[in-house]
Amino acid sequence: AKQKLWGGRFTGETDPLMHAFNQSLKYDQRMHAADIRGSIAYAKALTLVGILTKEEETKIVQGLTAVGKEWESGQFQVQPDDEDIHTANERRLSELIGPLGGKLHTGRSRNDQVATDLRLWLLGQVSEIEAGLVSLIRVMVDRADKERDHLMPGYTHLQRGQPIRWSHLLLSHAFSFTTDLERLRQLIPRISVLPLGSGALAGNPFAVDRHFLAKELGFQSLAENSLWGVGDRDFVIEFMMWASLTTTHLSRISEDFIIYSSAEFGFITLSDAYSTGSSMMPQKKNPDSLELLRGKAGRVFGQMAGFLMSYKGLPSTYNKDLQEDKESLFDTVDTISSCLPIAEGVIATLNVHPQKMRQALTMDVLATDLADYLVRKGVPFRETHHISGRAVALAESRKCQLNELTVTDYKDLHPDFGDDVHGVFDFEASVERRQAIGGPSRAMIDRQVAVLREKLGG
Ligand code: ARG
């Protein structure tokens, strides 16, 4: 263990299995650019407090830049003793520039370094995920705008309830994703907190200018307590909670569309680009894209719950359990990053079948409107609900639809039914009566489209 960065106090060798068990380089190497950036900023901060001369700083920065280029071009040679991205980069730096490389870690610990790297790396990912989410919502809003008018049954308990518009349904999901977008943006100030300068736990003894470091690395604020700075992973948990909810929303829209794409509903068909077939049943076209989106939510929630369990019992500051944050976070980022463009593609390319939606609209979904007709004549709703229910029962007993009952039938049910009662049985009119904000009338769909576009920024 003597050749390890921390080998001084060791006489014995690390067990090979322990070495492999401890090693995080295979996954944390994806933070190589953040690690180099953090080190360059730290070298500059060391110069400002006189630990490095300007020439030393230049050599270190050049060396770090060269190490960074090796990673980018795939030339970086991992050595068996490299433990993690931090030790690997420092080892390579010293190979390139000699013992001067050993000055870089002055006053710094991998504890403040890893927390800095992870936050920096996540901030970069968040802006890509944010762009992916905006793009998904835009596709949904554009589609709702173009297909504003199609009527379909709205369901509760998966039983036909009242007529709505297809656009209204699409927009309902777009609103969920927009709250996800708002929540994601709200995470940023809490991720963008700089731990660097916290040392191993007790702060930095060389008075490095942490405001300078924050500015160099683009952090919004400083970890104001060094113990917290090295030990906090709330930002990891919070991001994974965010991802759990966002993938849950992806799962729910997927479930709607899986149902609507079944032959029994036939409201939509997925594009071939997002469907797959069966190895046995030649006729099958399966909505695998949507099923995978639905399945991924479980995986993301699992990563979140898994690391939260690792985190919950830890004593203050850094403990090696915290290394478990990375695979959970990376998998979560990879999963959400792969889900968003798939969801967007599925939604952009699916075909809607308005005539099928229309066929699914049976007259019973206007039973509420029938009750409302009498309400407008002054009858209390509790009574009109009952009368309309009796009309439904009567139609059922005659095996006919509500609009096939005669005016006389209706007048027998209640004297306030007039000759115009059949005017109720118009799906379009029902939807257009819903002029209150939030409803499925054309004007309110237009409003929802405008509200969402405003939130997305034009
Ligand atoms: N690879 C470590 C991690 O991911 C870096 C920090 C190690 N610090 C330490 N004191 N062992 O957490």
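This note comments on the predicted model shown above, point by point.

1. Basis and confidence. The model is a predicted one, in which local features need pLDDT of at least 70 and side-chain atom pairs count only at pLDDT 80 or more, while totals for chains, interfaces and linings use all residues. Residues are numbered from 1 along each chain as its sequence is written. The protein averages a pLDDT (the predictor's confidence in each residue, from 0 to 100) of 97, and 99% of the residues score at least 70. The model scores are ipTM 0.97 and pTM 0.95.

2. Ligand shell. The residues around the ligand (C-beta atom, placed from the backbone, within 6 Å of it) are Ser24, Asp28, Asp84, Arg110, Asn111, Val114, Tyr318, Lys320, Leu322, Gln323 and Lys326. By class the shell holds five charged residues, three polar and three nonpolar, where Asp, Glu, Lys and Arg count as charged, Ala, Val, Leu, Ile, Met, Phe, Trp, Tyr, Cys and Pro as nonpolar, and the others, Gly among them, as polar. Helix α6 (residues 110-146) supplies the largest share, three residues; helices here are DSSP runs (H or I, at least four residues), numbered from the N terminus.

3. Position between domains. The ligand shell lies between domain 1 (7-103) and domain 2 (110-208 + 216-359), because both give residues to it; these bounds come from an automatic or database domain assignment.

4. Main core. The largest nonpolar core (buried Ala, Val, Leu, Ile, Met, Phe, Trp, Tyr and Cys residues joined through C-beta atoms within 7 Å) has 89 residues, and those with the most contacts inside it are Ala174 and Leu213. Helix α6 gives the most to this core, with 13 residues. Domain 1 (7-103) and domain 2 (110-208 + 216-359) both contribute residues, so this core lies between them. Ala174 touches Ile137, Met140, Val141, Ala144 and Leu452 (C-beta atoms, placed from the backbone, within 7 Å), not counting residues up to four places away in sequence.

5. Second core and α14. Another core, of 13 residues, lies apart from the largest one and includes Tyr373, Leu374, Leu405 and Val424. In helix α14 (residues 367-375), Asp369, Leu370, Ala371, Tyr373 and Leu374 are buried, that is, 20 or more other C-beta atoms lie within 10 Å of their own, whereas exposed means 12 or fewer and partly exposed in between. The buried residues of α14 pack against α15 (381-397) and α17 (427-433).

6. Trp71. This residue is found in helix α4 (residues 54-72). Trp71 counts as partly exposed because it has 19 C-beta neighbours inside 10 Å. Leaving aside neighbours within four places in sequence, Trp71 is in contact with His32 and Phe76.

Methods:
Helices (H or I, at least four residues) and strands (E, at least two) are DSSP runs, numbered from the N terminus. Two residues are in contact if their C-beta atoms, placed from the backbone, lie within 7 Å.
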